Amino acid sequence: MDLWQQGILLSRQLLQLVLLHTAWEMGSGQLHYSVPEESQHGTFVGRIAQDLGLEVSELVPRMFRMESQGDGDYFEVNVQNGVLFVNSRIDREELCGKISVCIIHLEVIVEKPLRIFHVEVEIKDINDNAPSFSVNQLTFFISEATAYGSRFSLESASDADIGKNALIEYKISPSECFVIDTQNNQGKSMLLELVLKKNLDREDISLHHLLLTATDGGQPELTGTVQLVITVLDANDNRPVFNQSVYEVSLLEGSDSGTHVTTLEATDLDEGLNKEIIYGFKRPLSLTVETMFEIDQNTGEISLKRKLDFEEVNLYEVQVQAIDKGQPPMEGNCKVLIEVLDVNDNSPEILLKSLSVPVPEDSPPGTVVALISISDRDSGANG
Ligand SMILES: [Ca+2]
Ligand SMILES: [Ca+2]
Ligand SMILES: [Ca+2]
Ligand SMILES: [Ca+2]
């Protein structure tokens, strides 16, 4: 062996010493390795014999063996080359849950002379769990009268990983009315809320379907979703509206009580009681209308209570209201004009105004004998 070869050997030994030193320095004086969870069987973890300063050739004679504290034979050492490798599946979540540093402790024993080495293997998290919600769908019932800015708490998603792999960001599908707000509750938990950013209108959209997506910070990122189904509850924010603001009807006089005059119809855009309508004459009501007409409060049908007489009243003007059953109720109005058509139901009346009697026998033709007034209570041709 020349000087050059001796130099190489020395530097190799030095390097080995440095490596050994490094290995011992880590993990508070213990040999420390790390391997990602879920690594395949046979995955290289470290040159354990070399790092402990043991020759591969002395492993078998010195009865090299390794024991793990606790259950499982997650690792094995190949005594032919002194390599520590993964033996069985390691699930970090099962092993350590939410503990941020997951360690498996190993004890390496050699005899002649007896030495015990402590080795720790840190199981690194991989992003193998997607954020998940406990349900597929969350339902909400929100009144359309709810003020914008109102908040509704949402259940956060959970992610079995740790660190960035469990750091969740939320977003919802585009919505005119809703946004998502997250607040960190002093690092303990995430406050997740649905915020109303605009007033709801049930008459416009009565059901909102949103998709809430939770995305973790892993590489690649994983996502979990939940459907938000928001039913907008009705508020009484629409008044009944009549089909026409003025209804004009003509009826022949003499029409008897019970005769159908007209049927009014009002509609209300709300639902339930908020759209149920009660019809009625608007008060104060003139005595003539009161005695002549009645209205069905449910159907809006107006009918006669008495026989119509043109000579009594020839035009009725009736104010009608439609009130919904909402709380508080809302009201709509219309006007009904009922014209009474004349019928020839009156005989002409003859009235003798004056009479100059006797009439002198020599009265010339043209002399006024009597003033006769004939009148007829009917109108037009009837009169
Ligand atoms: Ca994850
Ligand atoms: Ca994981
Ligand atoms: Ca209404
Ligand atoms: Ca409404």
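Colleague: Which residue has its backbone nitrogen 2.9 Å from a polar atom of the side chain of Glu37?
Modeller: This is a predicted model, so side-chain atom pairs count only at pLDDT 80 or more. Glu37 lies in the loop between β1 (31-36) and β2 (44-47). The backbone nitrogen of Arg92 is 3.0 Å from a polar atom of its side chain. The partner at 2.9 Å is Ile126.

Colleague: How far from Glu37 is the nearest side chain of opposite charge?
Modeller: Glu37 is buried and has no salt bridge. A salt bridge needs a side-chain nitrogen of Lys or Arg within 4 Å of a carboxyl oxygen. The nearest side chain of opposite charge belongs to Arg92, and its distance is 4.3 Å.

Colleague: Glu37 touches several residues, and Asp161 is one of them. Is Asp161 buried or exposed?
Modeller: The contacts of Glu37 also include Ile90, Asp91, Ile123 and Asp128. Asp161 has a relative accessible area of 0%. The cut-off for burial is under 20%, so Asp161 counts as buried.

Colleague: Which ion does Asp161 help coordinate?
Modeller: Asp161 gives a carboxylate oxygen, as do Asp159 and Asp216. Asn127 adds OD1, while Asn129 and Asn165 contribute O atoms. The donors lie at 2.2 to 2.6 Å from the calcium ion (ligand 1).

Colleague: What spacing do the donors of that calcium ion (ligand 1) follow along the chain?
Modeller: Asp159 appears twice among the donor atoms. Asp159 is buried, with a relative accessible area of 5%. Along the chain, the donor spacing is N-x1-N-x29-D-x1-D-x3-N-x50-D.

Colleague: Turn to the calcium ion (ligand 4). At what distances do its protein donors lie?
Modeller: Glu144, Asp234, Asp237 and Asp270 are among the residues that donate side-chain oxygens. Glu203 is listed with two OE donors, and Ala235 gives its O. In sequence the donor residues are spaced E-x58-E-x30-D-A-x1-D-x32-D. The donors lie at 2.2 to 2.7 Å.

Colleague: How many residues apart are Glu144 and Asp270, two donors of the calcium ion (ligand 4)?
Modeller: Both Glu144 and Asp270 are buried. As donors, they are part of the site of the calcium ion (ligand 4). Glu144 sits in the loop between β8 and β9 (151-154), and Asp270 in the loop between β18 (266-267) and β19 (277-281), so the pair links distant parts of the chain, and the separation is 126 residues.

Colleague: Glu203 also meets Arg202 in a salt bridge. Which residues are joined into one network with them?
Modeller: The salt bridge is 2.9 Å, N to O. Glu203 is partly exposed at 25%, whereas Arg202 is buried at 11%. Salt bridges that share partners join Arg202 and Glu203 into one network with Asp234 and Glu271.

Colleague: How many salt bridges are there by this rule?
Modeller: One of them pairs Arg151 with Glu193, the closest N and O atoms being 2.6 Å apart. Arg151 is in strand β9 and Glu193 in strand β12 (residues 189-196), 42 residues apart. Arg151 is partly exposed at 40%, but Glu193 is buried at 15%. The count comes to 18.

Colleague: Lys198 and Glu176 form a salt bridge. How accessible is Glu176?
Modeller: Their N to O distance is 2.9 Å. Lys198 lies in the loop between β12 and β13 (207-215), and Glu176 in the loop between β10 and β11 (178-185). Lys198 is partly exposed at 37%. Glu176 counts as exposed, at 59%.

Colleague: What is the angle between the planes of Phe133 and Tyr170?
Modeller: The count of aromatic pairs comes to three. Phe133 and Tyr170 form a tilted one, 6.4 Å centre to centre. Phe133 is buried at 12%, and Tyr170 is buried at 13%. The angle between the planes is 55°.

Colleague: Why is the pair of Phe293 and Tyr316 called edge-to-face?
Modeller: The ring centres are 4.9 Å apart. Phe293 is buried at 2%, and Tyr316 is buried at 3%. Planes over 60 degrees apart count as edge-to-face, and the angle here is 85°.

Terms used: Residues are numbered from 1 along each chain as its sequence is written. Chains are lettered from A and ligands numbered from 1 in the order in which they are written. This is a predicted model: local features need pLDDT of at least 70, side-chain atom pairs count only at pLDDT 80 or more; totals for chains, interfaces and linings use all residues. Side-chain values use heavy atoms; hydrogens and water are left out. Donors are N, O and S atoms within 2.8 Å of the metal (3.2 Å for Na, K and Ca); water is not among the atoms, so sites may look incomplete. Buried means under 20% relative accessible area, exposed over 50%, partly exposed in between (1.4 Å probe, protein chains only). Rings of Phe, Tyr and Trp (its six-membered ring) pair if their centres lie within 6.5 Å; planes under 30 degrees apart count as stacked, over 60 as edge-to-face and the rest as tilted. Helices (H or I, at least four residues) and strands (E, at least two) are DSSP runs, numbered from the N terminus. Lys and Arg count as positive and Asp and Glu as negative; His and the chain ends are not counted. A polar contact is a pair of N or O atoms within 3.5 Å; within protein, one must be able to donate a hydrogen and the other to accept it, and residues adjacent in sequence count only if both atoms are side-chain atoms. Contact means heavy atoms within 4.5 Å. Lists of a residue's contacts leave out its neighbours within four places in sequence.
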